[in-house]
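Open the structure in your viewer and keep the selection panel at hand. This tour goes stop by stop.

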Amino acid sequence: MEFWNGWVGRDLRAPPVPPLPWQGHLPLSQGATSPSVMPGLGTARDPEAAPAARACPPCQGKAFSYSSISLFLPIFLPFPLCSPFWISLVSAPSLPIPCRVSPWPPPIVLEPFAVTVPVSLAGGLGDTQFSFRLRQAGGSRSSPFQDDGRYNREAPVTLQSLVLVSRLPYVNLFQCLLQLIAPEYFDKLEPCLEAVCNEIDQWPPPVPGQTLNLPVMGVVIQVRIPSRVDKPGSSPVKQCNQENLLPAPLVLPSVHELDLFRCFQPVLIHIQMLWELMLLGEPMVVMAPSPTMSSEMVLALTSCLAPLRYCCDFRPYFTIHDSEFKEYTTRTQAPPNIVVGVTNPFFIKTLQHWPHILRVGEPRMSGDLPKQVKVKKLAKLKTLDTKPGIYTSYKTFLHKDKTLIKRLLKGIQRKRPSEVQSALLRRHLLELTQSFIIPLEHYMASLMPLQRAITPWKNPPQIRPFCQEDFMKSLEHAGPQLTCVLKGDWLGLYRRFFKSPNFDGWFRQRHREMTQKLEALHLEAICEADIVAWMKDKSEVEIVDLVLKLREKLVRARCQHLPVKEETLQRVGLYIDTIIGSLPEDLQTVLHHP
């Protein structure tokens with residue numbers, strides 16, 4: 001299953017307008033396609049107000065109906081949003097909406113989105129940005145409308161917004177891009193999108209490990225694309241190649257890392273509990289006063305396990321109009337392993353059976369430290385006027401790290417910059433996750449067959465099975481206590497972790513990597529073998545079988561990008577030619593033209 005990330009930009013400078021006669025929405029049962037999941041960032045005044053999100057095919061300059069919601073789309077997509085708006089996954093009256101596509105891999109689509117659903121206004125005026133995430137679904141529906149652009153030329157600016165959609169969760173880069181594009185777009189509309197896409201067309205591809213200079217709207221954004229070989233917790237990207245850049249580039253320290261300290265301010269004393277809940281993939285609801293706070297808190301929670309991947313689903317901003325609403329609110333089955341961010345108080349009632357609910361309010365200071373929420377029993381969760389707090393009966397396995405809280409509090413008193421505070425917090429979470437995962441990595445490595453057991457003319461040996469009890473025994477002399485000062489029930493935490501999607505995702509990834517390593521070692525063993533000597537006493541059937549197997553290995557090595565040198569692959573190809581050359585001409589003809 002694939003997911004999409006999205007960021008929404010919304011201009012709220014103009015006063016609200018009355019609903020249009022055609023505004024409204026159809027229930028999903030009346031033909032809405034099941035949407036994909038993608039993250040995004042948006043701007044709105046009312047947390048529960050946004051129009052139907054819809055898919056846009058990568059077709060330059062064509063009109064689409066946003067009653068089609070299947071998301072087979074390219075990387076960026078501007079949606080039209082109502083004033084105020086929902087990020088809703090519902091059918092709506094179809095309008096011709098032109099889109100602009102840019103092929104930065106994966107392709108970028110920029111497009112205005114129009115009003116679909118009238119709702120009441122709430123809160124003060126101001127721009128808002130937030131993220132959302134949608135599940136990708138198969139299938140698509142074409143639109144019967146032609147691209148005349150009339151609606152976008154004549155509709156008020158208040159009825160338009162800009163949404164960026166991407167498979168890549170580069171929160172900082174896309175938020176920065178949206179902040180640059182949106183104000184200009186609200187003034188100049190479609191010509192602005194044309195100019196932006198023309199610039200993005202020239203961007204170099206996002207290659208992991210490379211630093212890119214991305215010109216757009218008279219600004220050069222300099223970013224480094226993260227790589228798997230990066231050292232966890234390494235310093236931010238250094239400015240480079242600036243002597244030839246005029247104007248000086250806007251350097252983003254990270255394309256994806258949030259300001260964790262700012263996001264976690266109201267829950268700093270409970271960071272240990274939240275880390276455990278994310279590690280175990282527990283269902284959680286984040287209730288916030290705005291889409292911005294909701295989406296930032298959800299993204300911060302799911303990122304606090306780095307370098308361990310969070311393998312559960314998450315929705316930074318979720319509304320009652322999302323297609324999974326019934327799935328998440330049903331009481332006939334346990335809540336799914338997902339973190340959802342919401343703003344509508346209605347969710348207090350519909351999701352009160354969920355085991356963990358984090359209710360945050362507007363940031364308030366209590367002395368030097370932001371006012372901290374309290375852990376409360378779920379029974380105290382009220383439908384109306386629920387106070388901020390963590391509503392849960394969960395008991396942590398590990399003790400709190402009071403040293404971390406003291407360091408952060410001292411930083412607040414000394415007016416330490418937020419980015420420094422975030423670095424301290426991120427380092428703490430990184431070391432905590434590493435202390436937990438390193439024993440698992442060591443045990444997993446012990447399951448790998450020895451290299452001397454790999455022979456060229458036999459299939460590579462199998463990885464030994466993961467035995468939970470054997471792992472638990474290994475913790476006595478190689479457990480997290482060697483690298484972490486925190487005390488607690490580490491064994492209980494591991495046992496609970498084994499039942500979570502995060503363990504399943506981690507194990508599958510490591511097992512896949514080890515299998516590929518075995519395949520690479522087997523190819524190297526074949527290259528070092530004496531092929532001619534092996535063929536002396538072999539029948540034609542055995543030799544042909546070897547040719548077919550070697551060809552299959554070569555195809556798999558290239559398709560799966562096995563960790564093997566190109567020189568090794570070329571030598572295997574030469575071996576195949578040598579073997580075929582030793583066969584009768586009729587067989588050579590067949591093997592050369594399979």
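The stops below cover a sheet, a salt bridge, a cavity and a pocket. Keep in mind throughout that this is a predicted model.

**Stop 1: the sheet**

Select residues 211–216, 219–224 and 250–251. These are strands S10, S11 and S12. The 3 strands form an open sheet, in the order S10-S11-S12. Its pairing is mixed.

Look at the edges. Strands S10 and S12 stand there, each with a single partner strand, so one side of each has no neighbour in the sheet.

Now focus on S11 and S12. They run parallel and are joined by 2 bridges. Select Gln222 and look for its bridge partner in S12: that is Val251.

Next add residues 171–188, helix H2. Helix H2 lies across S10, S11 and S12. What is its angle to S11? H2 runs at about 175 degrees to that strand.

**Stop 2: a salt bridge**

Hide the sheet and select Glu296 and Arg262. Their side chains meet in a salt bridge, at 2.7 Å from N to O. The pair links distant parts of the chain, 34 residues apart. Show residues 291–303 to see helix H6, which holds Glu296. Show residues 260–263 for helix H4, which holds Arg262. How many salt bridges does the whole structure have? A search finds 18.

**Stop 3: the largest cavity**

The structure has 3 cavities of 30 Å³ or more. Go to the largest, which holds about 50 Å³ of space. To display its lining, select Leu268, Ile269, His270, Ile271, Gln272, Lys400, Asp401, Leu404, Ile405 and His428. Two elements give two or more residues each to this lining: helix H5 (271–279) and helix H9 (402–413). Colour the lining by class and you get 5 nonpolar, 3 polar and 2 charged residues.

**Stop 4: the second largest pocket**

Move on to Trp457, Asn459, Asp545, Leu546 and Lys549. Of the 16 residues that line the second largest pocket, these lie nearest its centre. The space in this pocket is about 300 Å³.

Show helix H13 (501–527) and helix H15 (540–559), the elements that give two or more residues to the lining. Which helix gives the most? H15 does, with 8 residues. Colour by class once again: the pocket lining has 6 nonpolar, 2 polar and 8 charged residues.

Note on methods. Residues numbered from 1 in each chain as written. Predicted model: local features only at pLDDT ≥ 70, side-chain atom pairs only at ≥ 80, totals over all residues. Heavy atoms only, no water. 1 Å grid on protein atoms, 1.4 Å probe; cavity = no way out; pocket = protein on both sides within 12 Å on 5 of 7 lines; lining within 4 Å. Points joined across faces, edges and corners; volume = space filled by probe spheres on them. Helix = DSSP H or I, 4+ residues; strand = E, 2+ residues; numbered from the N terminus. Nonpolar A, V, L, I, M, F, W, Y, C, P; charged D, E, K, R; others polar. Pairing = 2+ DSSP bridges. Contact = heavy atoms within 4.5 Å. Axes fitted to C-alpha atoms, helices over the stretch in contact; angles between N-to-C directions. Salt bridge = Lys/Arg side-chain N within 4 Å of Asp/Glu carboxyl O.
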